[in-house]
Amino acid sequence: MGHHNTSTRVQKHIGDPTEGLVDEVSYEVLEEIFQDIQGDLRFDHELNGCLNCGICTATCPAAHYYDFSPREIVQLLWTENLEGIYDAMQEKIWSCAQCYTCAARCPFGNSPGGLIMLMRETAIKHGMESAKAVLRPFSRVMLKLISTGNQLSPDMINPDHFADWGPNICKIDAPLKLLRQAIPMPTLNTIKTAWETNLKTSVELYTIWEDTGVLDQLETIDENLFDVIVDIMEEKRDDWDDYLEELEEEG
Ligand code: SF4
Ligand code: SF4
């Protein structure tokens, strides 16, 4: 994308370090993204100024392992470097572990982790590719959660699903079915769910996800998964209504 006329004197002299990293995106889109971040109620609370002291990066566990620096991210926001912000949202913001050590240490009372959370939410809202790629592996977990009320079930713990565990995966290669059958509670004698979640709880969770906008976010980043999940929710709500009707008839 072309330069806009807000580059600083230093950038004019040495060139913009983010040049070439940003895909073709109009200046209007960059502005809209920044306004979404800045317009959030939390923004002014989490960013009070920045000394560029680097204390946040020095204490950040993610900075030890990745090419990632909360100081850099806060500086991009503080100097309103729209291209740099967009570029960081392509990859770097997803390295944060959301541990908030940075927020506890910043002499300005900033919360770099909180600001990164705002950038993540904005990336999801704009359906950015980085958000889709990062959240893709969690579609299995989402589906499990909506259909059973559990994030993880014993049958998900297998070498196919956890290839990133490397050789350690063999440590969980146990006769799970047999072990689960030995659990005294009959509702746990299955490997398809970690425990039974009551229908009422599931239906209440759906209302929370709808009202808090979680499902809208899901629709933006994975429409297929959203469709499947909406079908499951409808079925469960029908089951709940049937149960209530039965209760009424009996009563
Ligand atoms: S966010 Fe805080 S700790 Fe990090 S560089 Fe800025 S002033 Fe220093
Ligand atoms: S919240 Fe994120 S940026 Fe802050 S210290 Fe933890 S990993 Fe680093």
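## Two helices side by side

In this predicted model, helix H11 (residues 139-148) packs against helix H15 (residues 223-250) at an angle of about 10 degrees, and their axes sit 10 Å apart. Angles under 35 degrees count as roughly parallel, so H11 runs roughly parallel to H15.

Who does the touching? On the H11 side the contact uses Ser139, Met142, Leu143, Ile146 and Ser147. H15 answers with Leu225, Val228, Ile229, Ile232 and Met233. Sorted by character, the residues of this H11–H15 contact come out as 8 nonpolar and 2 polar, with no charged ones.

## The chain as a whole

Zooming out, the protein chain has 15 helices and 0 strands. Its radius of gyration is 23 Å, well over the 18 Å that the globule rule gives for 251 residues, so the chain is more spread out than a compact globule. Along the principal axes, the C-alpha atoms fill a box of roughly 75 × 45 × 35 Å.

The domain assignment splits the protein chain into domain 1 (9-126) and domain 2 (136-250). Between the C-alpha centres of domain 1 and domain 2 there are 34 Å.

## Around ligand 1

Now for the ligands. Ligand 1 is surrounded by 14 residues, and the closest are Cys50, Cys53, Ile55, Cys56 and Cys106. Helix H4 (55-59) and helix H6 (70-78) are the elements that give two or more residues to this shell.

As for chemistry, the ligand 1 shell holds 10 nonpolar residues, 3 polar ones and 1 charged.

## Around ligand 2

Ligand 2 also has a shell, made up of 14 residues. The closest here are Cys60, Cys96, Cys99, Cys102 and Gly113. The elements that give two or more residues to the ligand 2 shell are helix H5 (61-65), helix H8 (101-105) and helix H9 (112-125). H9 gives the most, with 3 residues.

The residues around ligand 2 break down into 11 nonpolar and 3 polar, and no charged residue turns up in that shell.

Terms used: Residues numbered from 1 in each chain as written. Chains lettered and ligands numbered in written order. Predicted model: local features only at pLDDT ≥ 70, side-chain atom pairs only at ≥ 80, totals over all residues. Near = placed C-beta within 6 Å. Helix = DSSP H or I, 4+ residues; strand = E, 2+ residues; numbered from the N terminus. Nonpolar A, V, L, I, M, F, W, Y, C, P; charged D, E, K, R; others polar. Domains from an automatic or database assignment. Axes fitted to C-alpha atoms, helices over the stretch in contact; angles between N-to-C directions. Parallel < 35°, antiparallel > 145°, perpendicular 65-115°, else oblique. Contact = placed C-beta atoms within 7 Å. Rg over C-alpha atoms; globule rule 2.2 N^0.38 Å.
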